[in-house]
Amino acid sequence: MTPEQPDIEGKLPAIESNSPRYTEKIGAILAPRIFSGLLVLLCGNLGAGKTLLARSMGESLGAKKMRSPTFAIESIHEPEGALFPISHFDLYRLGDISETRASVEERISDGYAVFAEWGEMLGEQISGDIWRIDISENDDESRVIELSASGFSALGALASAYEKILDMPEEERFA
C-alpha cells in the first residue's frame, strides 16, 4: 500500500454456495481482479473448500494443476503470459510461522499474488492489500463464504467481483 492510500477495510455480505461448482465459479469471478502484491487469506476448517477456491482462482489466472502445497508449504506458479506469478502457501502444518511470514512478505514485495490457505495463522501480522475469504460449512453441507478486504485497491477489486457474483444468473448458481 502506498503512503497516499488511506488505510481502509471493508466486509461484504456473506454468499451461500450450495455446490462445489458454484464455489469454483466464485473463484473464476474473483480471479481477474487479483493483482500483483495482493495477499489472499483463505480461512476455514479442514474440508471447507479453501483449496477448491484457490485452485479455481489460480487456474482461472492460467496456473496449471494447482494443488494445496500441504507438505511442501509453498508452490510457485508462473502462468504463461501472466502479468505476475502466484505463490500458494498452505500454513496448516506450521507451528512457528515467523519464517514463512517473512517468505509471504518477500513474495508480496516481489510482485507475486499470494494465496495462503489457513491464512488466519498470519493474523494481523501483515499489512497492505489483503483479501480475507472465510469459508464455513452449514448443516446442509452448503458453504457460507465471507469476503473482506484491507487496503484501498484490494477493497475496490473485491467489491467489483462481489457485484459480478451477485449478477450471476440463478441457473448458474445451482448448476
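The following questions and answers go through some features of this structure.

Me: What kind of model is this, and how are its residues numbered?
Reply: This is a predicted model, in which local features need pLDDT of at least 70, side-chain atom pairs count only at pLDDT 80 or more, and totals for chains, interfaces and linings use all residues. Side-chain values use heavy atoms, with hydrogens and water left out, and residues are numbered from 1 along each chain as its sequence is written.

Me: Is strand β6 enclosed or not, and how many of its residues are buried?
Reply: Helices (H or I, at least four residues) and strands (E, at least two) are DSSP runs, numbered from the N terminus, and buried means under 20% relative accessible area, with exposed over 50% and partly exposed in between (1.4 Å probe, protein chains only). On one side of β6 Ala113, Phe115 and Glu117 are buried, and on the other Val114 and Ala116 are buried, so that both faces are covered. The strand is therefore largely enclosed by the rest of the structure, the buried count being five of the five residues.

Me: Which residue in β6 is the bridge partner of Val40?
Reply: Two strands pair if DSSP finds at least two bridges between them. β5 and β6 pair in the parallel sense over five bridges, with Phe89 standing opposite Ala116. β3 and β6 also pair in the parallel sense, over four bridges, and here the partner of Val40 is Phe115.

Me: Which element gives the largest share of the largest nonpolar core?
Reply: A nonpolar core is a set of buried Ala, Val, Leu, Ile, Met, Phe, Trp, Tyr and Cys residues joined through side-chain atoms within 4.5 Å. The largest has 35 residues, and those with the most contacts inside it are Leu30, Met57, Phe115, Trp131 and Ile133. Two or more residues come from each of α1, β3, α2, β6, β7, β8 and α4 (152-166), and the largest share, seven residues, comes from α4.

Me: What covers the buried residues of α2?
Reply: In helix α2 (residues 50-60) the buried residues are Lys50, Leu52, Leu53, Ala54, Ser56, Met57 and Gly58. Taking contact as heavy atoms within 4.5 Å, the elements that cover these residues include α1 (20-30), β3 (39-44), β5 (86-90), β6 (113-117) and β7.

Me: Over the face of which residue does Lys50 lie?
Reply: A charge sits over a ring if NZ of Lys or CZ of Arg is within 6 Å of the ring centre and within 35 degrees of the ring normal. Arg107 lies in this way over the face of Tyr112, at 5.2 Å from the ring centre. For Lys50 the distance from the ring centre is 4.0 Å, and the residue beneath is Trp118.

Me: Why does Ser142 count as buried?
Reply: Ser142 has its place in the loop between β7 (130-137) and β8 (143-150), and, not counting residues up to four places away in sequence, touches Glu16, Ser17, Asn18, Ser136 and Glu137. A polar contact is a pair of N or O atoms within 3.5 Å; within protein, one must be able to donate a hydrogen and the other to accept it, and residues adjacent in sequence count only if both atoms are side-chain atoms. The side chain of Ser142 makes such contacts with the side chains of Asn138 (2.9 Å) and Asp140 (2.6 Å). Ser142 counts as buried because its relative accessibility is 2%.
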